[in-house]
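Me: Could you take a close look at one part of this model for me, and then walk outward from there to the other spots worth a visit at the bench? I would like one connected account, please.

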Amino acid sequence: MDAAELLAVVLAELAPVEQSLADHRYLAELEAGRVPLESLRAFAGEQRLIIASDRRSFEHLAQRFQQPPASDFFRDMVAGEAEALRLLERFAAAVGLGDDYEPLAGCQAYPAYVAWLALNGSPADVALAFLANLERWGRTCARMRDALRPVYEAHAVAFFDFFAKPPPGFEERALTLVATGAPACACRAARLLQAYELLYWDTLTDGLH
């Protein structure tokens with residue numbers, strides 16, 4: 001089984017989780033205009049912490065794996081997270097997020113697992129996990145952008161635009177890394193990361209009234 005076939009197998013196994021994310025109540029409530037400002041602040045606060053943590057995780061991976069193509073891949077991930085954090089601050093300002101936000105454990109399980117992968121995982125584990133995760137995250141961001149555009153100016157929702165499509169060549173580069181690892185470990189990483197993604201949205205939804 002080559003890397004592309006392994007990705008197809010993983011995506012098929014994750015189809016029920018994918019459907020749960022696509023049909024998630026939080027997105028439906030947002031599109032209906034029923035998500036309160038407090039919850040949007042929570043989204044921004046959680047993302048601020050997640051992106052900062054993920055950036056440090058990718059920095060650590062670039063240090064662990066200093067030879068290309070892994071080193072270049074992870075350095076580009078670091079740069080992407082830095083840009084995402086810059087854009088997020090526009091949305092955070094638009095929703096009035098301060099510096100005193102207290103995170104939710106269910107949301108922060110996602111970056112905690114990414115940090116675990118940075119310490120213990122292989123390039124293949126990380127690459128397959130994010131291949132499986134980022135397509136759904138991109139679709140979610142596109143839906144959030146479209147739902148928020150009538151309320152917020154374009155610069156405030158640029159964060160969602162940034163993630164709506166993967167970087168050019170991301171899949172091909174990631175598959176190159178997937179081919180270097182142990183399929184069972186990489187599949188486990190993808191399954192767990194997607195489960196933590198669902199937990200993130202479930203936790204935010206718990207805060208809706």
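Reply: Glu-29 is buried, because its relative accessible area is 14%, under the 20% that marks the cut-off for buried. Bear in mind as we go that this is a predicted model. The home of Glu-29 is helix H3, which covers residues 25–31. Leaving aside residues up to four places away in sequence, Glu-29 touches Arg-34, Val-35 and Leu-208.

From there, let us turn to Thr-205. Thr-205 belongs to helix H10, made up of residues 183–206. With a relative accessible area of 9%, Thr-205 is buried too. Residues up to four places away in sequence aside, its contacts are His-24, Arg-25 and Tyr-26. Arg-25 lies within the residue range of H3, 25–31. One of these partners deserves a second look: the side chains of Thr-205 and His-24 are joined by a polar contact of 3.5 Å.

Next comes a pair of helices. H2, residues 15–22, packs with H7, residues 123–148, at an angle of about 10°, and their axes are 11 Å apart. That angle makes H2 roughly parallel to H7, since angles under 35 degrees are counted that way. On the H2 side the meeting residues are Glu-18, Leu-21 and Ala-22, while H7 brings Arg-136, Arg-139 and Arg-143. Sorted by class, this contact holds four charged residues and two nonpolar ones, with no polar residues.

Staying with H7, you will find Leu-131 in this helix. Leu-131 has 8% relative accessibility and therefore counts as buried. Its contacts, again without residues up to four places away in sequence, are Leu-7, Phe-170, Glu-171, Ala-174, Leu-175 and Val-178. Leu-7 is a nice one to locate on your screen: 124 residues separate Leu-7 from Leu-131 along the chain, yet their C-alpha atoms are separated by 7.9 Å.

Now for two stops in loops. Gly-98 sits in the loop between helix H5 (70–94) and helix H6 (105–120). Its relative accessibility is 28%, so Gly-98 counts as partly exposed. Gly-98 also has a partner from elsewhere in the sequence: Gly-45 is 53 residues apart from Gly-98 along the chain, and 8.5 Å apart in space from C-alpha to C-alpha. The other loop, between helix H4 (37–64) and H5, is where Pro-69 is placed. Here the backbone has a feature to look for, as the peptide bond from Pro-68 to Pro-69 is cis, with omega near 5°.

Last, the cysteines. Searching the whole structure turns up zero disulfides. Cys-107 is in no disulfide, and the nearest cysteine sulfur, belonging to Cys-141, is 14 Å away. At 0% relative accessibility, Cys-107 counts as buried. Cys-185 is in no disulfide either; for this residue the nearest cysteine sulfur is that of Cys-187, 9.3 Å away. Because its relative accessibility is 35%, Cys-185 counts as partly exposed. For both residues, then, you can follow the reasoning yourself: a disulfide calls for two cysteine sulfur atoms within 2.5 Å, whereas the nearest sulfur is 14 Å away for Cys-107 and 9.3 Å away for Cys-185.

Note on methods
Residues are numbered from 1 along each chain as its sequence is written. This is a predicted model: local features need pLDDT of at least 70, side-chain atom pairs count only at pLDDT 80 or more; totals for chains, interfaces and linings use all residues. Side-chain values use heavy atoms; hydrogens and water are left out. Axes are lines fitted to C-alpha atoms, for helices over the stretch in contact, and angles run from 0 to 180 degrees between N-to-C directions. Helices (H or I, at least four residues) and strands (E, at least two) are DSSP runs, numbered from the N terminus. Angles under 35 degrees count as roughly parallel, over 145 as roughly antiparallel, 65 to 115 as roughly perpendicular and the rest as oblique. Contact means heavy atoms within 4.5 Å. Ala, Val, Leu, Ile, Met, Phe, Trp, Tyr, Cys and Pro count as nonpolar, Asp, Glu, Lys and Arg as charged, and the others, Gly among them, as polar. Buried means under 20% relative accessible area, exposed over 50%, partly exposed in between (1.4 Å probe, protein chains only). A polar contact is a pair of N or O atoms within 3.5 Å; within protein, one must be able to donate a hydrogen and the other to accept it, and residues adjacent in sequence count only if both atoms are side-chain atoms.
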